[in-house]
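Work through the exercises below with the model open. Try each task before reading its solution.

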Amino acid sequence: MESLFGDLFDGTDGKTVKFADVILPVPIPKMFTYKIPKSLEDGVGIGFRVMVQFGSKKVLTGIIGKVHQKPPKEYEAKPILDVLDSYAIVNPLQIKFWAWMAEYYCCHIGEVMNAALPSGLKLSSESKIQLNPTYDTQTSPYPLDDREDVILQALATKSELSYEDCEQLLGVKSIHGIIKSLIIKEAIIVFEQVKDKYTPKVESRIRFCQPYVEDRKALESLFGDLSSKPKQEEILLKYLQEVPIYQNSDLNTRGLEKKVFADAGLSMSSLKTLIKNGVLEEYKLIISRFEEIKGNDETVVLSEEQNHAIEQIKGSFLEKQVILLHGITGSGKTEVYIKLIEEALESGSQVLLLLPEIALTTQIVARLQKVFGSKMGVYHSKHSDNERVEVWNGVISGKFSFVVGVRSSIFLPFDSLGLVIVDEEHESSYKQFDPAPRFHARDAAIMLSWLHQAKTLLGSATPSFESYYNARQKKYGYVQLNKRFGDAALPEYLLSDILVDKKKQLLKLDFTRIMREKIQEALNNQEQVLIFQNRRGYAPYISCEDCGWIPECEHCDVSLTYHQYSEEMRCHYCGFKEKVPKVCPACGSGKLAAVGLGTERIEESLSLLFPKARIARMDLDTTRSKYGYQRILEDFGAGNVDILVGTQMITKGLDFDKVTVVGILDADRILYFPDFRAGERAFQQITQVAGRAGRREKKGVVVVQTRKPDHFVFDQVIKADYKNFYVQDMTERQKFFYPPFVKLIKLSSRHKDYKIAEKAARHLHNLLHEVQVKKIMLGPEKGLIGKIKNQYIFESLVKLDKSGNAQAIFKQELRKILESMYANKEFRSVRIIVDVDPY
Ligand SMILES: Nc1ncnc2c1ncn2[C@@H]1O[C@H](COP(=O)(O)OP(=O)(O)OP(=O)(O)O)[C@@H](O)[C@H]1O
Ligand SMILES: [Zn+2]
């Protein structure tokens with residue numbers, strides 16, 4: 001073992017040894033210190049991926065978060081085994097950002113790293129075995145059994161075997177027992193082989209061998225030689241036609257895609273001969289997965305309002321870091337963003353535009369691509385892992401100075417952001433609920449932007465109340481766009497009372513008379529209709545008309561949703577599926593009926609009510625494929641569909657000129673949601689769907705079906721009186737201690753044993769109660785859904801005072817309490833989930 005002295009000083013030059021704190025993908029809330037071996041010292045720094053030994057058996061890959069000269073106190077640092085990169089794939093600003101996120105959202109920095117890196121950059125390691133060089137069959141005190149012998153013999157000829165190889169070799173399902181025995185007998189050694197998961201896309205290309213490029217005479221005589229071989233001649237002529245090296249010999253370097261020859265119907269065997277004879281050569285080129293797109297300078301003339309808003313924004317940015325752009329639906333916010341993005345790019349900064357869900361905003365992306373072309377990277381979940389790595393690397397190399405993306409794009413390796421825009425900033429899809437980090441991308445983006453000393457613009461027609469509150473408190477700047485672009489009018493609302501129509505027997509297949517009339521009118525005029533219902537499947541549930549039995553998920557505390565198309569009932573929480581029973585399992589009655597409305601059922605009803613109309617549906621079930629959304633929206637945009645039924649997916653940012661009627665089938669579902677933000681969400685959702693109607697010359701109509709037409713939310717939505725609604729709602733929130741007046745933290749304890757889950761929740765609650773800061777604590781009680789995937793859930797809610805350092809103290813204590821709980825044998829198997837800002 002090395003002496004302490006030898007640990008600090010390496011070799012004879014007396015220089016201090018360097019250490020690296022490495023972020024590892026393990027659920028332990030800290031970084032781990034390793035020694036940087038002299039041989040690697042020049043090749044590493046913050047942001048490099050390294051391999052290290054973790055524990056006694058495992059080899060893990062992590063990222064260096066810090067380099068320093070302090071050896072760890074509690075343990076002796078092991079050396080870094082290897083460095084995987086020749087440049088830092090993560091920059092110091094990102095590490096700062098990760099650290100902030102772990103701190104704020106009370107999670108581990110390793111979890112943040114996991115969320116941040118595209119999986120193509122994460123390394124997978126695979127366990128392999130090799131012969132232990134010190135092992136000798138003759139002298140070993142432990143005899144091997146037959147199966148162990150087979151493995152050892154195989155290792156004598158092959159230097160390594162994977163677990164899978166061994167399983168195949170012996171024809172067994174699980175090899176672990178045998179491997180363990182071989183390790184104990186010291187016959188083999190297990191090691192991890194790291195595989196880099198990203199594979200660049202390569203293209204086969206053809207070009208002339210250099211002598212023919214340099215020497216024109218050689219080329220001419222070559223054609224002479226080939227005059228009796230027309231097929232080979234054809235190939236060369238095709239090449240020269242596409243790559244005129246006579247005019248510019250440099251062109252040969254890039255050559256021609258091999259596929260071109262095949263596409264032209266030329267002989268592939270002649271091509272092979274030319275390569276064999278040293279005339280042409282084949283080589284591989286790494287190419288981008290993204291098509292080259294040229295921006296065109298299509299000039300849009302901004303309206304007076306838009307210009308005015310831009311001036312105000314620029315003025316306000318002189319004083320404020322964050323500005324809220326409150327522009328009504330259809331007011332033309334996109335063009336305002338474009339102008340600001342152009343200016344930021346011209347000044348040499350990077351720009352990030354966040355959208356709630358790219359797949360749904362294909363329209364905006366298409367518009368932006370026209371302006372910014374290949375400067376713009378697009379980053380979202382429907383991209384493959386390899387495509388994501390290319391965007392990541394493109395940001396590092398400078399290829400993409402502007403990125404449009406969903407919430408995970410805040411993790412891209414930007415180093416000089418100048419502007420961050422968050423479009424539809426009120427959208428709940430910016431919040432990541434599971435797994436940790438449970439962050440809100442808008443809030444995190446503001447922090448990111450601050451770290452870069454950049455500006456943030458939040459845009460929405462229906463701002464979140466937090467952002468509006470911050471604007472009214474003058475913490476944010478505030479700019480409005482109060483008119484629709486091109487003088488389009490806001491739509492008219494018609495409230496249609498479901499109960500009245502029911503009584504008068506005017507309700508047909510869940511559609512009220514007014515709703516049916518308005519749809520018919522639109523169809524007669526060759527206009528389009530959007531129908532909104534935030535529930536997919538056929539019906540929320542099935543019920544027995546005789547005994548009231550309702551089928552429930554075996555693993556979760558929820559009823560199963562009926563999907564008629566596949567004739568099954570599914571759990572939307574865990575994916576559990578079951579065929580619909582023929583008779584009620586409780587009472588044997590055959591009267592099982594579907595209750596409630598899902599998008600599938602609405603689609604069916606519409607086809608019965610309007611047999612001539614072309615109807616499409618857009619929800620999670622119809623958009624699972626990569627281009628699912630795009631296809632439906634393109635079809636709708638091209639006028640191939642008259643009525644589009646959908647969930648909240650159809651509310652976001654859609655801009656279609658022929659939509660004149662929007663129908664909301666069951667507004668009460670939106671109104672009565674058990675959450676302190678129910679009112680705010682209802683106002684936002686109704687205004688947003690409605691905002692899809694009448695975005696051009698013709699005024700739109702919004703038909704809202706409800707059992708409560710005099711609910712106060714409707715009144716405010718119709719008057720488009722955002723401010724008044726906000727003021728009323730805020731009075732309530734202040735009275736009952738809800739955000740933005742307090743900070744909310746939700747803690748849930750999950751366990752498969754009901755009693756243990758409950759006990760842990762109580763224990764945690766009591767410990768937190770002791771923390772000496774101003775707060776209110778609720779619970780612990782059974783979660784709104786008491787069981788998910790066989791885990792019972794108990795929740796506590798903490799309302800923290802926002803002033804002073806209550807938050808910091810509380811989070812610090814919380815961390816200690818969690819550690820003590822994990823150290824407690826009784827609660828070790830309980831999953832405790834901390835959710836900061838759980839909304
Ligand atoms: N200066 C302009 N010149 C021509 N067309 C414009 C201009 N500004 C906006 N438009 C058009 O007006 C329509 C509405 O604009 P946009 O989609 O940007 O609205 P928005 O503010 O994002 O609305 P929402 O919040 O409803 O998504 C679009 O069709 C857009 O192309
Ligand atoms: Zn379930």
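**Exercise 1. What percentage of the 839 residues of the protein count as buried?**

Solution. Start with the input. This is a predicted model: local features need pLDDT of at least 70, side-chain atom pairs count only at pLDDT 80 or more, and totals for chains, interfaces and linings use all residues. Residues are numbered from 1 along each chain as its sequence is written, while chains are lettered from A and ligands numbered from 1 in the order in which they are written.

Next, fix the criterion. A residue is buried if 20 or more other C-beta atoms lie within 10 Å of its own, exposed if 12 or fewer, and partly exposed in between, with C-beta atoms placed from the backbone. By that count, 38% of the 839 residues are buried.

Add the overall frame. The C-alpha trace spans about 90 × 80 × 70 Å along its principal axes. Secondary structure comes to 27 helices and 34 strands (DSSP runs numbered from the N terminus: H or I of at least four residues, E of at least two).

**Exercise 2. Locate the nonpolar cores.**

Solution. A nonpolar core is a set of buried Ala, Val, Leu, Ile, Met, Phe, Trp, Tyr and Cys residues joined through C-beta atoms within 7 Å. The largest one holds 109 residues. Val 403 is one of the members that touch the most others, along with Val 22, Trp 98, Leu 353, Leu 419, Val 420 and Ala 445.

Now inspect Val 403. Contact requires C-beta atoms, placed from the backbone, within 7 Å. Skipping residues up to four places away in sequence, Val 403 touches Leu 352, Gly 377, Tyr 379, Val 391, Val 395, Ser 409 and Leu 412. Another core, of 58 residues, lies apart from the largest one and includes Cys 553 and Ile 686.

**Exercise 3. Check the geometry and burial of helix α23.**

Solution. Helix α23 covers residues 678-690. The expected span is 1.5 Å times one less than the number of residues. For the 13 residues of α23 that gives 18 Å, and the end C-alpha atoms are 18 Å apart, so the two agree. Then test burial: 11 of the 13 residues of α23 are buried. Among them are Phe 683, Ile 686 and Val 689.

**Exercise 4. Describe the shell around ligand 1.**

Solution. Take residues whose C-beta atom, placed from the backbone, lies within 6 Å of the ligand. The shell has 19 residues, and Thr 329, Gly 332, Lys 333, Thr 334 and Phe 485 come nearest. Helix α13 (residues 333-346) supplies the largest share, three residues.

Sort the shell by type. Count Ala, Val, Leu, Ile, Met, Phe, Trp, Tyr, Cys and Pro as nonpolar, Asp, Glu, Lys and Arg as charged, and the others, Gly among them, as polar. The split is five nonpolar, 10 polar and four charged.

**Exercise 5. Compare the burial of Cys 584 and Cys 587.**

Solution. An unreviewed UniProt entry lists Cys 544, Cys 547, Cys 584 and Cys 587 under "binding site". They are spread over 44 residues of sequence, yet their largest C-alpha distance is 8.6 Å. Such annotations may be inferred rather than shown by experiment.

Cys 584 sits in the loop between β25 (577-579) and β26 (592-595). Cys 587 is in the loop between β25 and β26 too. Cys 584 is buried because it has 20 other C-beta atoms within 10 Å. Cys 587 has 12 such neighbours, so it counts as exposed.

Note on methods: Contact = placed C-beta atoms within 7 Å.
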